[in-house]
Amino acid sequence: MTPDRAEVDTEPFFLGSGADRRFCLFHQPTGPCRGAVLYVPPFAEELNRTRRMAALGARRLAAHGVGVLQIDLLGTGDSAGDFADARWDLWKQDLDTGAAWLRARVDAPLTLWGLRLGTLLALDFALDHARTTDVPLAPMLLWQPVAAGSTYLTQFLRLRTANAMLGEDAGAQSGTKALRAALQAGETLEIAGYDLTPALALAIDALPAPDAMIPPVPAHWFEVLGAPGQAPGPAAARVKAAWEARGTQLHVHTVTGAPFWATTGISTCPALLDATVDATLERAHVV
């Protein structure tokens, strides 16, 4: 049986209890263990839209001997709390808890695999990790990174203004400036069914762009493009130049496929799965 078709044992469980209860899926490595990956999920509805791709990616990696832990962060998925309870620093604590569990289970350097806003969370966590521990990380996997926290927050706030224009939310203030002012004043906003608190929103807004979040290890940056031969966005070149000027290697990969994080229905991108496995196995020196 080829690795891609190997049976993968997936273990669902809750890590912690009470308010610290986090739902996890552990995809056990098939055959000799070649790595350990902690998945850092995207934000709000993007998490639901990408669950299929995350599961497919985790199973593909596990079939090649890489143990993968998926964790629902505080206030998301099947974990404890409401979205209004979510805080950026608490999400990083969840990643720290997941990383400790994975290190105890899999004897291999830890790879952080982030998707969309999860790429910035993974980078932020990697920087904290480097400051607080001597345990090395393995090269990171970054799927469709966002350009900056402030840019992403603006896009998310526009969901509220779009609903107001459609008459679905007649009481909403128009314009992202007004919504940012409401957050600054301490108001929690309902955006596309999610209660966005000032604490979480302002933490995201204050995040630097990826070119200023230089991790202590190399990384693989993956972009899904709509047509073959299309060049990656300008952020990829900017980040690559900034990182490599500071001695951190960044490999940029482009694949053709659908924007599965943004489509209304569940969609997948097989080419991204292939590229991720190839990059991970090259990193692990697997022939």
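Q: Buried means under 20% relative accessible area, exposed means over 50%, and partly exposed covers the values in between. By that scale, is Arg131 buried, partly exposed or exposed?

A: The structure is a predicted model. In this model Arg131 has a relative accessible area of 60%, so Arg131 is exposed. Asp128, at 21% relative accessibility, counts as partly exposed.

Q: How should the pairing of charged side chains be read, and what distance separates N and O in the salt bridge of Asp128 and Arg131?

A: In general, side chains of opposite charge can pair when their charged atoms come close. The cut-off needed here is a side-chain nitrogen of Lys or Arg within 4 Å of a carboxyl oxygen of Asp or Glu. Asp128 and Arg131 meet this condition with an N to O distance of 2.3 Å. The two residues are three positions apart in helix H4, which means that about one helical turn separates them.

Q: How many salt bridges does the rule give in total, and which residues are linked with Asp128 and Arg131 in a network?

A: The count comes to 12 salt bridges. The network of salt bridges links Asp89, Lys92, Asp124, Asp128 and Arg131. Within this network, the side chains of Asp124 and Lys92 form a salt bridge at 3.2 Å, N to O. That pair links distant parts of the chain, with Asp124 in helix H4 and Lys92 in helix H3, 32 residues apart. Asp124 and Lys92 are both buried.

Q: Which residue forms a salt bridge with Glu46, and which parts of the chain does the pair tie together?

A: The partner of Glu46 is Arg116, and their closest N and O atoms are 3.2 Å apart. Glu46 belongs to helix H1 (residues 45-49), while Arg116 lies in the loop between strand S5 (110-115) and H4, so the pair ties together parts 70 residues apart in sequence. Glu46 is buried at 9% relative accessibility, and Arg116 is buried with a relative accessible area of 11%.

Q: How is a charged surface patch read, and which residues form the negative one?

A: A patch joins residues with over 30% relative accessible area and no salt bridge, and like charges are joined within 9 Å. Here Asp82, Asp85, Glu190 and Asp195 form a negative surface patch. Asp85 is located in the loop between strand S4 (66-71) and helix H3 (88-105). With a relative accessible area of 37%, Asp85 is partly exposed.

Q: How can one face of a helix be recognised, and within what arc do the buried residues of H6 fall?

A: The reading starts from which residues are buried and then considers their directions around the axis. In helix H6 (residues 176-184), the residues Leu179, Ala182 and Leu183 are buried. Viewed down the axis of H6, these buried residues fall within an arc of 100°, so they line one face of the helix. Lys177 and Gln184 are exposed on the other side of H6. Gly186 follows H6 and has a positive phi, near 95°.

Q: Which residues of helix H7 are buried?

A: In H7 (residues 198-205), Pro198, Leu200, Ala201 and Ile204 are buried. Their arc around the axis is only 165°, which places them on the same side of H7.

Q: How does sequence separation relate to spatial separation, and how far apart are Pro136 and Leu110 in space?

A: The two separations are read side by side. Pro136 and Leu110 are 26 residues apart in sequence, and their C-alpha to C-alpha distance is 7.7 Å. Pro136 lies in the loop between helix H4 (117-132) and strand S6 (140-143). Pro136 is exposed, with a relative accessible area of 59%.

Technical notes:
Residues are numbered from 1 along each chain as its sequence is written. This is a predicted model: local features need pLDDT of at least 70, side-chain atom pairs count only at pLDDT 80 or more; totals for chains, interfaces and linings use all residues. Side-chain values use heavy atoms; hydrogens and water are left out. Patches are made of residues with over 30% relative accessible area and no salt bridge: like charges are joined within 9 Å, nonpolar side chains (Val, Leu, Ile, Met, Phe, Trp, Tyr) within 5 Å. Accessible areas come from the Shrake-Rupley method with a 1.4 Å probe; for residues, only the protein chains shown count as cover. Lys and Arg count as positive and Asp and Glu as negative; His and the chain ends are not counted. The place of a charge is taken as NZ of Lys, CZ of Arg, CG of Asp or CD of Glu. Helices (H or I, at least four residues) and strands (E, at least two) are DSSP runs, numbered from the N terminus. Buried means under 20% relative accessible area, exposed over 50%, partly exposed in between (1.4 Å probe, protein chains only). The arc is that of the directions from the helix axis to the C-beta atoms.
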